[in-house]
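Colleague: Could you walk me through this one? I would like to hear how the pieces are put together.

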Amino acid sequence: MATDLDSMVSSLLHGYLNQRVEPADSQVFWLPVINIPRDEFVLRTECTYVFNKCGIQTEELIFIDEIDLKGLANSGTLELVIVDHNKLSPKQEHFGDYVKGILDHHKDEGFYLHSKPRIIEVVGSCTTLIISNWLNICTSNSIDHRTLLCNETAMLALGPILLDTINLDERYDRVRPKDTDVAKTLTEYLIGTPMEFPGGEKYYNEIREAKFNIHHLPARDLLRKDYKEWKIAGYAIGISTVTWSLDAWLQRDGEKEFMNSVENYAKEHSLDLLAIMTAYEKKETKEFARELVLYVDNEKLNELPKRLEDTELNLKKRALSLCEQVRLFSYEQNNVKCSRKQVQPIMKDAIQSL
Ligand SMILES: [Mn+2]
């Protein structure tokens with residue numbers, strides 16, 4: 001499961017807000033767990049942005065590699081509420097018996113039917129369901145939610161709701177009335193607070209910008225941020241997608257450093273081929289562009305770049321000296337419609353034809 005801003009905020013808020021409405025003598029401790037290893041958190045730049053803005057100390061968060069779920073399960077004290085997914089990932093499937101609650105906005109896969117609550121509803125953002133469920137709990141317990149909410153919490157909740165619904169814009173068919181209602185409650189709460197919340201649009205734009213603002217990440221992080229791996233005809237093939245231009249990257253790191261990073265990454269993953277697909281907007285023309293860099297670390301694949309040059313990818317060798325490198329090939333990918341989804345099968349065909 002991909003853990004994005006929505007899943008993180010859903011988990012945090014569901015735990016935090018439910019703890020706030022637990023009776024004073026309750027023995028229940030809600031622990032929000034973020035379902036990625038801690039060291040991957042920095043790669044989600046939209047998350048670091050929102051968390052920072054809302055005053056959340058990342059050191060205080062619990063990531064999946066920092067909690068002993070098995071131990072808790074064995075001691076009989078574990079109950080899981082899963083948010084933003086309704087079926088455990090294959091790696092976590094063995095915790096199925098511990099799932100006692102679900103709040104999610106994906107298609108219902110029909111598992112853990114005894115869960116309570118079991119709220120699976122197609123809305124723009126899972127956070128919408130977390131907040132509306134909590135508001136209902138407040139109402140049915142005659143609690144004024146305003147006394148338990150704080151500015152930072154409201155701001156945090158608005159983040160994924162705005163991001164996932166494209167700022168509640170109905171033209172994109174992502175937003176549902178419940179998202180709009182919840183966002184309205186949160187917005188009203190925020191207006192006039194010291195959070196300097198002038199409106200949703202500015203906040204939405206800031207989050208979007210942060211999402212693509214990856215220029216500060218070291219090369220290895222750029223390579224692993226959006227990375228997939230396959231075994232094709234016995235070869236280990238990795239493809240990284242990077243939303244930045246090669247020129248800007250080379251300008252920052254220099255060719256030698258770039259080369260080293262690529263080589264090290266390929267080694268770290270024991271790859272025969274590492275492909276880097278860049279995707280970015282050209283500064284002057286605002287035109288969408290793609291590049292493809294191939295790093296070949298197995299002689300048997302030496303012919304592969306040539307084969308790819310003859311495909312629909314419409315590759316044009318870049319004029320840079322990078323092309324002179326023995327095992328590194330860099331291209332403009334003039335067929336910009338082909339994302340990794342298309343490039344991977346094209347590459348697979350080319351490899352199988354060798
Ligand atoms: Mn979601």
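Modeller: Happy to! Let's begin with a helix that lies across two strands: H1 crosses E3 and E4, and its direction makes about 145° with E3. Please keep in mind that this is a predicted model.

Colleague: Which helix touches E3, E4 and E5, and what angle does its direction make with that of E4?
Modeller: The helix in question covers residues 126-140 and packs on the sheet. That is helix H4, and the angle with E4 is about 115°.

Colleague: In what order do the three strands of the open sheet come?
Modeller: Start from the edges: E3 and E5 (118-120) each pair on one side only. E3 is joined to E4 (residues 99-104) by four bridges, and E4 pairs with E5 over three. The pairing is parallel, and the order is E3-E4-E5.

Colleague: How much does the sheet twist, on average, from one strand to the next?
Modeller: We are speaking of the open sheet of three strands, E3-E4-E5. From one strand to the next, the average twist is 20°.

Colleague: Which residue in E4 stands opposite Leu80, and which one in E5 is the bridge partner of Asp104?
Modeller: Each pair belongs to a parallel pairing, E3 with E4 and E4 with E5. Opposite Leu80 we find Val99. For Asp104, the partner in E5 is Ile120.

Colleague: Are the residues of E3 buried or exposed?
Modeller: The strand spans residues 80-83, and its side chains alternate: Leu80 and Ile82 point one way, Val81 and Val83 the other. Whichever way they point, all of them are buried.

Colleague: Back to H1: how is it oriented relative to H5?
Modeller: H1 (residues 5-20) and H5 (residues 151-164) pack with their axes 9 Å apart, at an angle of about 150°. Angles over 145 degrees count as roughly antiparallel, so H1 is roughly antiparallel to H5.

Colleague: How do the residues of that contact divide into nonpolar, polar and charged?
Modeller: On the H1 side are Leu5, Asp6, Val9 and Leu13, and they meet H5 residues including Leu156, Ala157, Pro160 and Leu163. Asp6 in H1 and Asp164 in H5 also take part. The division is seven nonpolar, two polar and two charged.

Colleague: And for the whole chain, what share of the residues counts as buried?
Modeller: The chain has twelve helices and eleven strands, and its C-alpha trace spans about 70 × 50 × 35 Å along the principal axes. Of its 354 residues, the buried share is 32%.

Terms used. Residues numbered from 1 in each chain as written. Predicted model: local features only at pLDDT ≥ 70, side-chain atom pairs only at ≥ 80, totals over all residues. Buried ≥ 20, exposed ≤ 12 C-beta atoms within 10 Å, placed from the backbone. Pairing = 2+ DSSP bridges. Axes fitted to C-alpha atoms, helices over the stretch in contact; angles between N-to-C directions. Parallel < 35°, antiparallel > 145°, perpendicular 65-115°, else oblique. Contact = placed C-beta atoms within 7 Å. Nonpolar A, V, L, I, M, F, W, Y, C, P; charged D, E, K, R; others polar.
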